[in-house]
Amino acid sequence: MEALVLHEYADSGNCYKIRLAAALLGLGLERRQYDILKGETRTLEFLAQVNANGRIPVLQVGGRMLPESNAAIWYLAEGSDLIPGDRFLRADMLRWMFFEQYSHEPNVATLRFWLLFVGEENLTVAQRGQIAGKRAAGEAALRLTDEHLQGRTWMVGDAVSLADIALFAYTHVADGGGFVLGDYPSIQQWIERIEALPRFEAMNAPR
Ligand SMILES: N[C@@H](CCC(=O)N[C@@H](CS)C(=O)NCC(=O)O)C(=O)O
């Protein structure tokens, strides 16, 4: 495989997905840090050379840039056991990865970012007005995930897959956004299973 460089902000769950997938696959990554609180992904240089969308993570593969966390973990995992061989299960895995990006991350991750990193007192009036809606939508996403996991070991089929990695990243730190993980017992057990995987790497593992 070509050399891999992760352009990231270490506390971002989207970036952590890529580190976790790489760790589980036994792949090495060089890591480059950008402070998103200081706008370091919005500079002309970053927009021109790394991601015109002004966001991390970006997985650099040789000389080519691949933004979007779920595209990046797909790239890393192609041909591995983290992607089911069965056609339906592969599509079902994508279903949960799209769910993560549309129903889970914009609520669970955004509240964590606003409350833990930006600080409620620094939010705009418009952002403050969105907190209640995002909390309700985040709780709905966590409830749906918890109900899906009742009686199951993994999100899809009988093996850990990219669906688990994508959803784990922001779920296991959801308390940072004021969500109460104790309300979701099946999620809690699933978190323990993921943390027990061989080669598991924690979000705050040293750089
Ligand atoms: N859908 C994208 C979301 C990327 C994203 O929202 N990145 C945030 C950090 S998690 C970011 O770069 N924020 C800085 C900014 O928007 O200036 C993915 O999954 O990679």
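**View 1. Strand β1 pairs with β2 in a predicted model.** β1 (residues 4–8) runs parallel to β2, joined by four bridges. Strands are DSSP E runs of at least two residues, and helices are H or I runs of at least four, both numbered from the N terminus. Two strands pair if DSSP finds at least two bridges between them. Glu8 faces Gln33 of β2. Residue numbers start from 1 along each chain as its sequence is written. In this predicted model local features need pLDDT of at least 70 and side-chain atom pairs pLDDT 80 or more, while totals for chains, interfaces and linings use all residues, and side-chain values use heavy atoms, without hydrogens and water.

**View 2. Four strands form an open sheet.** The order is β2-β1-β3-β4, with mixed pairing. β2 (30–33) and β4 (64–67) are the edge strands; each has a single partner, so one side of each lacks a neighbour in the sheet. Neighbouring strands turn by 25° against each other on average, direction ignored.

**View 3. Helix α1 packs on the sheet.** α1 touches β1, β2 and β3 (58–61) (contact: heavy atoms within 4.5 Å). Its direction makes about 160° with that of β1. Axes are lines fitted to C-alpha atoms, for helices over the stretch in contact; angles run from 0 to 180 degrees between N-to-C directions.

**View 4. Helix α3 crosses three strands.** α3 (residues 69–77) lies across β1, β3 and β4. The helix runs at about 120° to β4.
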